[in-house]
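Thanks for asking me to look this one over. My notes follow as numbered points, so you can check each against the model as you read.

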Amino acid sequence: MTLLSRRNSLKKIILGTAAAGSLPLMDVQAQEYNSPLKGNVNHAVCHWPFNPMTIEELCIGIKKIGFNAIDLVGPNNWHILKANGVECSLCNGADMGIVKGWNDKQNHEQLIKGYTEVIPLVAKAGYKNLIAFSGNRNGMDDETGLKNSAEGLKRIMDQAEKNNVVIIMELLNSRVDHPDYMCDKSAWGIELCKMVDSPNLKLLYDIYHMQIMEGDLIRTIKRDHQYFGHYHTAGNPGRNEIDETQEINYPAVVRAVLDTGYKGYFCQEFIPKSADKMASLEQAIRICDL
């Protein structure tokens with residue numbers, strides 16, 4: 001390259017950099033967000049943090065962003081997802097809520113009835129994951145809760161296996177959001193999976209909740225990923241956007257998840273503070289889209 005051509009090239013680079021620097025930040029972000037998602041992460045979002053937006057409105061919004069899965073939708077609303085070409089990445093509707101779960105034998109008959117009814121519906125709809133909860137301790141010790149939960153879950157595992165439906169036990173924090181919840185540490189959930197001994201029982205590793213309870217996220221994911229069948233996000237502290245205002249390095253965590261060979265859904269469950277909730281969602285999707 002001649003000295004003149006090198007000078008001209010340098011001039012073009014400087015002018016281009018200056019032009020880009022003169023653009024408002026939002027314009028630069030908009031240009032970036034016009035690019036398609038990379039396809040390495042199966043993105044999803046929970047509906048409840050986006051209320052009062054309807055499920056149909058959320059369906060339309062996520063299709064514009066470039067993904068098509070919503071968590072925690074029950075059988076009564078699956079028709080809305082199907083009409084909009086959206087998947088249910090994690091179904092609900094068989095449980096008794098967060099505080100009444102499998103750790104209490106008094107709940108078993110109702111839970112078994114609920115899951116026996118809903119598991120075939122999940123399979124018929126073409127979905128795979130169905131959520132479950134341990135329930136609150138209410139004075140019960142963890143060992144008794146483990147034994148009770150394993151005993152009850154074993155009674156629905158044959159049906160889950162036959163229908164290729166995975167029961168997803170959620171890990172939640174008991175320090176801030178769900179006081180007294182029993183399945184509040186990954187070790188408890190992993191022990192439950194070992195006791196039930198079925199490939200159709202997995203854990204929902206909620207990154208926000210486990211950051212609060214135990215931290216050490218990436219090491220845990222690398223070591224115990226075989227027990228994790230689903231992932232949730234939110235920023236800590238506050239359960240809000242997963243951007244630079246909170247402490248979790250989500251790109252690093254997502255990379256650790258992908259490195260395990262995980263092919264399931266990675267679901268956003270943060271509560272947007274921004275008035276433009278869909279802008280916050282798109283930002284979160286882009287942060288995790290490695």
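**Notes on the model**

1. Arginine 137 is a good place to begin: at a relative accessible area of 17%, this residue is buried. The cut-off for that label is under 20%, so arginine 137 falls within it. Please keep in mind throughout that we are looking at a predicted model.

2. What does arginine 137 pair with? Its salt-bridge partner is aspartate 142, and the closest N and O atoms are 2.9 Å apart. Aspartate 142 is partly exposed, with 32% relative accessibility. The pair also belongs to something wider, since salt bridges with shared partners join Arg137, Asp142, Asp184 and Lys185 into one network. Across the whole structure, the search finds 11 salt bridges.

3. A second salt bridge worth a look is the one between glutamate 109 and arginine 155, where the closest N and O atoms lie 3.2 Å apart. This one links distant parts of the chain: glutamate 109 sits in helix H5 (residues 108-125) and arginine 155 in helix H6 (residues 142-162), with their positions 46 residues apart. Glutamate 109 is exposed, at a relative accessible area of 52%, while arginine 155 counts as partly exposed at 49%.

4. Helix H5 also holds a salt bridge of its own, between lysine 113 and glutamate 117, at 2.7 Å from N to O. Why can these two side chains meet along one helix? They are 4 residues apart in H5, which means a separation of about one helical turn. In general, an α-helix has 3.6 residues a turn, so residues three or four places apart point the same way. Lysine 113 counts as exposed at 52% relative accessibility, and glutamate 117 is partly exposed at 45%.

5. Now to helix H6 itself. Its 21 residues should span 30 Å at 1.5 Å a residue, and the end C-alpha atoms are indeed 30 Å apart, so the two values agree. Do look at isoleucine 156 all the same, because a kink of about 40° in H6 is centred there. I would show the end-to-end agreement and the kink together in any description of this helix.

6. Which residues of H6 are buried? The list is Gly145, Leu146, Asn148, Ser149, Ala150, Gly152, Leu153, Ile156, Met157 and Ala160. Ile156, where the kink is centred, is thus one of the buried residues. The cover over the buried residues of H6 includes H5, strand S5 (166-170), helix H7 (186-196) and strand S6 (201-206).

7. Both ends of H6 have a detail to check. At its start, a side-chain oxygen of aspartate 141 comes to within 3.2 Å of the backbone nitrogen of glutamate 143. Just after the helix, asparagine 164 takes a positive phi of about 55°. Asparagine 164 lies in the loop between H6 and S5, and the positive phi there belongs to a residue other than glycine.

8. Aspartate 197 is another non-glycine residue with a positive phi, near 55°. Its place is the loop between H7 and S6. With a relative accessibility of 65%, aspartate 197 counts as exposed.

9. Where are the cis peptide bonds to inspect? One joins asparagine 51 and proline 52, with omega about 10°; proline 52 is in the loop between strand S1 (42-46) and helix H3 (55-65). Another joins asparagine 236 and proline 237, with omega about 0°. Proline 237 is in the loop between strand S7 (228-233) and helix H10 (250-259).

10. Finally, the overall picture. The protein has 11 helices and 8 strands, and buried residues make up 50% of its 290 residues. Among contacts between residues at least 6 apart in sequence, 73% join residues at least 24 apart. The accessible surface comes to about 14000 Å², with 52% of that belonging to carbon and sulfur atoms.

Note on methods. Residues are numbered from 1 along each chain as its sequence is written. This is a predicted model: local features need pLDDT of at least 70, side-chain atom pairs count only at pLDDT 80 or more; totals for chains, interfaces and linings use all residues. Side-chain values use heavy atoms; hydrogens and water are left out. A salt bridge is a side-chain nitrogen of Lys or Arg within 4 Å of a carboxyl oxygen of Asp or Glu. Buried means under 20% relative accessible area, exposed over 50%, partly exposed in between (1.4 Å probe, protein chains only). Contact means heavy atoms within 4.5 Å. Accessible areas come from the Shrake-Rupley method with a 1.4 Å probe; for residues, only the protein chains shown count as cover. The expected span of a helix is 1.5 Å times one less than its number of residues. The bend at a residue is the angle between axes fitted to the seven residues ending there and the seven starting there. A polar contact is a pair of N or O atoms within 3.5 Å; within protein, one must be able to donate a hydrogen and the other to accept it, and residues adjacent in sequence count only if both atoms are side-chain atoms.
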